[in-house]
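Me: I've got a model open and I'd like to go through the labels on it one at a time. For each one, tell me what earns it.

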Amino acid sequence: MNAITPMKPWKTPLLRLFFFVLGAIKPLQADLKNLSFIHFARWVIVGRNQFPLLSDKQPREELRYDYLIFFSNFNGTWNQYIDAFSAVLSRGLNLIWRWSEKFPGSTPVTPFKDYIGRVQFDTDYYYNCYPKAATNDVKAALRVQDALNDFAKTSQSLSPVEFENAYLEFLARVQPDLGSTGIAPVGT
(Lines give C-alpha, C1' and ligand atoms only; values in the text may rest on other atoms or scores of the structure.)
Protein backbone atom coordinates (compact mmCIF):
# COMPACT_ATOMS: atom_id res chain seq x y z
CA MET A 1 0.00 0.00 0.00
CA ASN A 2 1.25 3.45 -0.85
CA ALA A 3 -0.46 6.69 0.03
CA ILE A 4 0.37 10.32 -0.58
CA THR A 5 -1.32 13.06 1.43
CA PRO A 6 -0.95 16.85 1.23
CA MET A 7 0.13 18.90 4.27
CA LYS A 8 0.27 22.62 4.76
CA PRO A 9 3.97 23.58 4.77
CA TRP A 10 3.93 25.06 8.28
CA LYS A 11 3.06 21.57 9.62
CA THR A 12 6.11 19.87 8.10
CA PRO A 13 8.64 20.87 10.81
CA LEU A 14 6.28 19.61 13.52
CA LEU A 15 5.89 16.24 11.83
CA ARG A 16 9.65 15.99 11.24
CA LEU A 17 10.16 16.59 14.97
CA PHE A 18 7.63 13.86 15.77
CA PHE A 19 9.45 11.43 13.42
CA PHE A 20 12.75 12.31 15.12
CA VAL A 21 11.28 11.51 18.54
CA LEU A 22 9.69 8.31 17.21
CA GLY A 23 13.03 7.22 15.78
CA ALA A 24 14.97 8.07 18.93
CA ILE A 25 12.64 6.39 21.43
CA LYS A 26 12.48 2.77 20.26
CA PRO A 27 9.68 1.62 22.64
CA LEU A 28 7.31 3.93 20.75
CA GLN A 29 7.78 1.65 17.72
CA ALA A 30 6.86 -1.57 19.55
CA ASP A 31 3.23 -1.85 18.40
CA LEU A 32 4.18 -1.41 14.75
CA LYS A 33 7.07 -3.88 14.98
CA ASN A 34 4.86 -6.47 16.67
CA LEU A 35 2.30 -6.57 13.86
CA SER A 36 3.62 -9.77 12.30
CA PHE A 37 2.10 -9.31 8.86
CA ILE A 38 3.87 -6.01 8.11
CA HIS A 39 7.10 -6.49 6.18
CA PHE A 40 7.93 -2.85 5.67
CA ALA A 41 6.44 0.52 6.56
CA ARG A 42 7.90 3.98 6.05
CA TRP A 43 6.72 7.56 6.04
CA VAL A 44 8.57 10.16 3.97
CA ILE A 45 8.00 13.90 3.80
CA VAL A 46 8.60 15.58 0.45
CA GLY A 47 8.61 19.35 0.45
CA ARG A 48 6.66 21.21 -2.20
CA ASN A 49 9.96 22.43 -3.72
CA GLN A 50 11.75 19.06 -3.56
CA PHE A 51 10.12 17.23 -6.45
CA PRO A 52 12.64 16.48 -9.21
CA LEU A 53 12.35 17.87 -12.69
CA LEU A 54 12.34 15.24 -15.41
CA SER A 55 14.15 17.53 -17.84
CA ASP A 56 15.57 21.04 -18.02
CA LYS A 57 12.56 22.02 -20.13
CA GLN A 58 10.05 21.09 -17.46
CA PRO A 59 8.79 24.19 -15.68
CA ARG A 60 9.06 24.23 -11.90
CA GLU A 61 5.67 23.77 -10.28
CA GLU A 62 4.34 26.13 -7.66
CA LEU A 63 2.79 23.65 -5.24
CA ARG A 64 0.80 24.80 -2.21
CA TYR A 65 1.41 21.70 -0.11
CA ASP A 66 4.21 19.51 1.18
CA TYR A 67 3.43 15.81 0.94
CA LEU A 68 3.51 12.91 3.35
CA ILE A 69 4.12 9.64 1.55
CA PHE A 70 3.50 6.29 3.20
CA PHE A 71 4.93 3.05 1.79
CA SER A 72 4.17 -0.41 3.14
CA ASN A 73 3.92 -4.06 2.20
CA PHE A 74 2.20 -6.76 4.19
CA ASN A 75 0.71 -10.24 4.23
CA GLY A 76 -3.06 -10.56 4.03
CA THR A 77 -5.71 -8.41 2.48
CA TRP A 78 -6.03 -4.65 2.33
CA ASN A 79 -9.07 -4.73 4.64
CA GLN A 80 -7.21 -6.82 7.24
CA TYR A 81 -4.30 -4.40 7.07
CA ILE A 82 -6.38 -1.26 7.50
CA ASP A 83 -8.49 -2.87 10.24
CA ALA A 84 -5.34 -3.81 12.18
CA PHE A 85 -3.89 -0.35 11.71
CA SER A 86 -7.08 1.20 13.00
CA ALA A 87 -7.42 -1.19 15.96
CA VAL A 88 -3.78 -1.44 17.09
CA LEU A 89 -2.06 1.73 15.91
CA SER A 90 -4.83 4.32 15.93
CA ARG A 91 -3.08 6.69 18.34
CA GLY A 92 0.19 6.60 16.40
CA LEU A 93 -1.53 6.93 13.03
CA ASN A 94 -3.50 9.90 14.29
CA LEU A 95 -0.31 11.58 15.53
CA ILE A 96 1.28 11.16 12.10
CA TRP A 97 -1.57 11.64 9.62
CA ARG A 98 -3.36 14.34 11.58
CA TRP A 99 -1.11 16.86 9.84
CA SER A 100 -2.49 15.83 6.45
CA GLU A 101 -5.40 17.63 4.87
CA LYS A 102 -8.87 16.12 5.42
CA PHE A 103 -7.60 13.22 7.54
CA PRO A 104 -10.70 11.89 9.36
CA GLY A 105 -8.83 9.98 12.06
CA SER A 106 -8.13 6.26 12.10
CA THR A 107 -11.29 5.41 14.05
CA PRO A 108 -14.00 4.71 13.22
CA VAL A 109 -12.50 2.53 10.52
CA THR A 110 -14.97 3.21 7.67
CA PRO A 111 -14.06 6.90 7.14
CA PHE A 112 -10.38 5.93 7.55
CA LYS A 113 -10.71 3.28 4.82
CA ASP A 114 -12.47 5.78 2.57
CA TYR A 115 -9.65 8.27 3.12
CA ILE A 116 -6.92 5.71 2.42
CA GLY A 117 -8.81 4.61 -0.69
CA ARG A 118 -8.74 8.19 -1.99
CA VAL A 119 -5.05 8.90 -1.27
CA GLN A 120 -3.43 5.60 -2.11
CA PHE A 121 -1.80 4.78 -5.42
CA ASP A 122 -1.10 1.41 -6.97
CA THR A 123 2.31 -0.18 -7.15
CA ASP A 124 2.74 -2.81 -9.82
CA TYR A 125 5.84 -4.44 -8.32
CA TYR A 126 7.62 -4.70 -5.03
CA TYR A 127 10.29 -6.93 -3.58
CA ASN A 128 9.64 -9.26 -0.67
CA CYS A 129 12.62 -11.38 0.35
CA TYR A 130 10.45 -13.92 2.19
CA PRO A 131 7.06 -13.90 0.44
CA LYS A 132 5.60 -16.79 2.44
CA ALA A 133 6.89 -15.66 5.82
CA ALA A 134 5.59 -12.98 8.15
CA THR A 135 8.09 -10.80 9.94
CA ASN A 136 7.66 -12.83 13.13
CA ASP A 137 8.66 -15.93 11.13
CA VAL A 138 11.89 -14.22 10.09
CA LYS A 139 12.57 -13.09 13.68
CA ALA A 140 11.98 -16.65 14.90
CA ALA A 141 14.39 -18.04 12.28
CA LEU A 142 17.05 -15.55 13.42
CA ARG A 143 16.57 -16.65 17.05
CA VAL A 144 16.96 -20.31 16.02
CA GLN A 145 20.09 -19.46 14.03
CA ASP A 146 21.61 -17.59 17.00
CA ALA A 147 20.79 -20.47 19.34
CA LEU A 148 22.28 -22.98 16.89
CA ASN A 149 25.47 -20.92 16.59
CA ASP A 150 25.75 -20.79 20.39
CA PHE A 151 25.13 -24.53 20.63
CA ALA A 152 27.80 -25.25 17.99
CA LYS A 153 30.37 -23.18 19.92
CA THR A 154 29.64 -24.58 23.35
CA SER A 155 29.13 -28.25 22.44
CA GLN A 156 32.43 -29.05 20.71
CA SER A 157 34.20 -30.34 23.80
CA LEU A 158 31.27 -32.09 25.49
CA SER A 159 31.15 -35.77 26.28
CA PRO A 160 28.39 -37.78 24.57
CA VAL A 161 26.15 -37.60 27.65
CA GLU A 162 26.76 -33.85 28.09
CA PHE A 163 26.14 -33.34 24.36
CA GLU A 164 22.83 -35.19 24.58
CA ASN A 165 21.71 -33.05 27.53
CA ALA A 166 22.86 -29.84 25.82
CA TYR A 167 21.11 -30.85 22.60
CA LEU A 168 17.82 -31.54 24.39
CA GLU A 169 18.15 -28.18 26.17
CA PHE A 170 18.78 -26.52 22.81
CA LEU A 171 15.66 -28.15 21.31
CA ALA A 172 13.51 -27.10 24.25
CA ARG A 173 14.77 -23.52 23.93
CA VAL A 174 14.11 -23.19 20.18
CA GLN A 175 10.89 -25.23 20.07
CA PRO A 176 8.59 -22.14 20.24
CA ASP A 177 10.38 -20.71 17.19
CA LEU A 178 10.15 -23.83 15.02
CA GLY A 179 7.33 -24.04 12.53
CA SER A 180 6.52 -23.71 8.89
CA THR A 181 5.64 -20.74 6.78
CA GLY A 182 3.07 -20.60 4.05
CA ILE A 183 0.65 -18.46 2.22
CA ALA A 184 -1.35 -16.33 4.64
CA PRO A 185 -5.08 -17.01 4.89
CA VAL A 186 -7.08 -14.84 2.54
CA GLY A 187 -9.99 -12.90 3.97
CA THR A 188 -11.78 -9.70 3.16
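Reply: Happy to. Let's start with a cut-off: a residue is buried when its relative accessible area is under 20%, exposed when it is over 50%, and partly exposed in between. Keep in mind that this is a predicted model. By that cut-off, 32% of the 188 residues of the protein chain count as buried.

Me: What makes the chain more spread out than a compact globule?

Reply: First the parts list: seven helices and four strands, running β-α-α-β-β-α-α-α-β-α-α from the N terminus. The radius of gyration is 22 Å, while the globule rule gives 16 Å for 188 residues, so the chain is more spread out than a compact globule. The C-alpha atoms fill a box of roughly 75 × 40 × 30 Å along the principal axes. As for contacts with a separation of 6 or more, 72% are between residues 24 or more positions apart.

Me: How do you know which strands are the edges of the sheet?

Reply: Go by the order, which is S2-S3-S1-S4 in an open, antiparallel sheet. S2 and strand S4 (120-121) each pair on one side only, and that makes them the edge strands. In general, strands of a sheet pair through backbone hydrogen bonds, either parallel or antiparallel.

Me: What makes S1 and S3 a pair, and S2 and S3 a pair?

Reply: Two strands pair if there are at least two bridges between them. Strand S1 (residues 2-7) has six bridges to S3, and strand S2 (residues 38-46) has eight, so both cases pass the cut-off of two. Both pairings are antiparallel. For a spot to look at, try leucine 68 in S3: threonine 5 is its bridge partner, and isoleucine 45 stands opposite leucine 68 as well. Isoleucine 4, in turn, stands opposite isoleucine 69 in S3.

Me: Why is S3 called largely enclosed?

Reply: Strand S3 covers residues 66-74, and eight of those nine residues are buried, so the rest of the structure largely encloses it.

Me: Why is aspartate 66 called buried, and what is arginine 48 by the same scale?

Reply: Aspartate 66 has 5% relative accessibility, which puts it in the buried class, the cut-off being under 20%. Arginine 48 is at 29% and counts as partly exposed.

Me: What makes aspartate 66 and arginine 48 a salt bridge?

Reply: The cut-off is a side-chain nitrogen of Lys or Arg within 4 Å of a carboxyl oxygen of Asp or Glu. Here the closest N and O atoms are 3.3 Å apart, and the two residues form a salt bridge. Aspartate 66 lies in strand S3 and arginine 48 in the loop between S2 and S3, so the pair ties together parts that are 18 residues apart in sequence. The structure holds four salt bridges.

Me: How do you know that aspartate 83 and lysine 113 link distant parts of the chain?

Reply: Their side chains meet in a salt bridge, at 2.9 Å from N to O. Aspartate 83 is in helix H3 (residues 78-88) and lysine 113 in helix H5 (residues 109-119), 30 residues apart. Aspartate 83 has a relative accessible area of 33% and is partly exposed, whereas lysine 113, at 18%, is buried.

Me: And what about arginine 143 and aspartate 177?

Reply: Those side chains meet in a salt bridge too, at 2.8 Å from N to O. Arginine 143 sits in helix H6 (residues 135-154) and aspartate 177 in the segment after helix H7 (160-174), 34 residues apart. Arginine 143 has 42% relative accessibility, so it counts as partly exposed.

Me: Why is phenylalanine 20 called exposed?

Reply: Its relative accessible area is 60%, and the exposed class starts over 50%. Phenylalanine 20 is found in helix H1 (residues 12-24). Together with Leu17, Val21, Ile25 and Leu28, Phe20 makes a nonpolar surface patch of about 470 Å². For the whole protein chain, about 12600 Å² is exposed, with carbon and sulfur atoms supplying 58% of it.

Me: Last one: what is arginine 60 called, buried or partly exposed?

Reply: Partly exposed, at 49% relative accessibility. Arginine 60 is in the loop between S2 and S3. Leaving aside residues up to four places away in sequence, arginine 60 touches Asn49, Phe51 and Leu53. The C-alpha atoms of arginine 60 and asparagine 49 are separated by 8.4 Å, with their positions 11 residues apart along the chain.

Note on methods
Residues are numbered from 1 along each chain as its sequence is written. This is a predicted model: local features need pLDDT of at least 70, side-chain atom pairs count only at pLDDT 80 or more; totals for chains, interfaces and linings use all residues. Side-chain values use heavy atoms; hydrogens and water are left out. Buried means under 20% relative accessible area, exposed over 50%, partly exposed in between (1.4 Å probe, protein chains only). Helices (H or I, at least four residues) and strands (E, at least two) are DSSP runs, numbered from the N terminus. Patches are made of residues with over 30% relative accessible area and no salt bridge: like charges are joined within 9 Å, nonpolar side chains (Val, Leu, Ile, Met, Phe, Trp, Tyr) within 5 Å. Accessible areas come from the Shrake-Rupley method with a 1.4 Å probe; for residues, only the protein chains shown count as cover. The radius of gyration is taken over C-alpha atoms; the globule rule is 2.2 Å times the number of residues to the power 0.38. Contact means heavy atoms within 4.5 Å.
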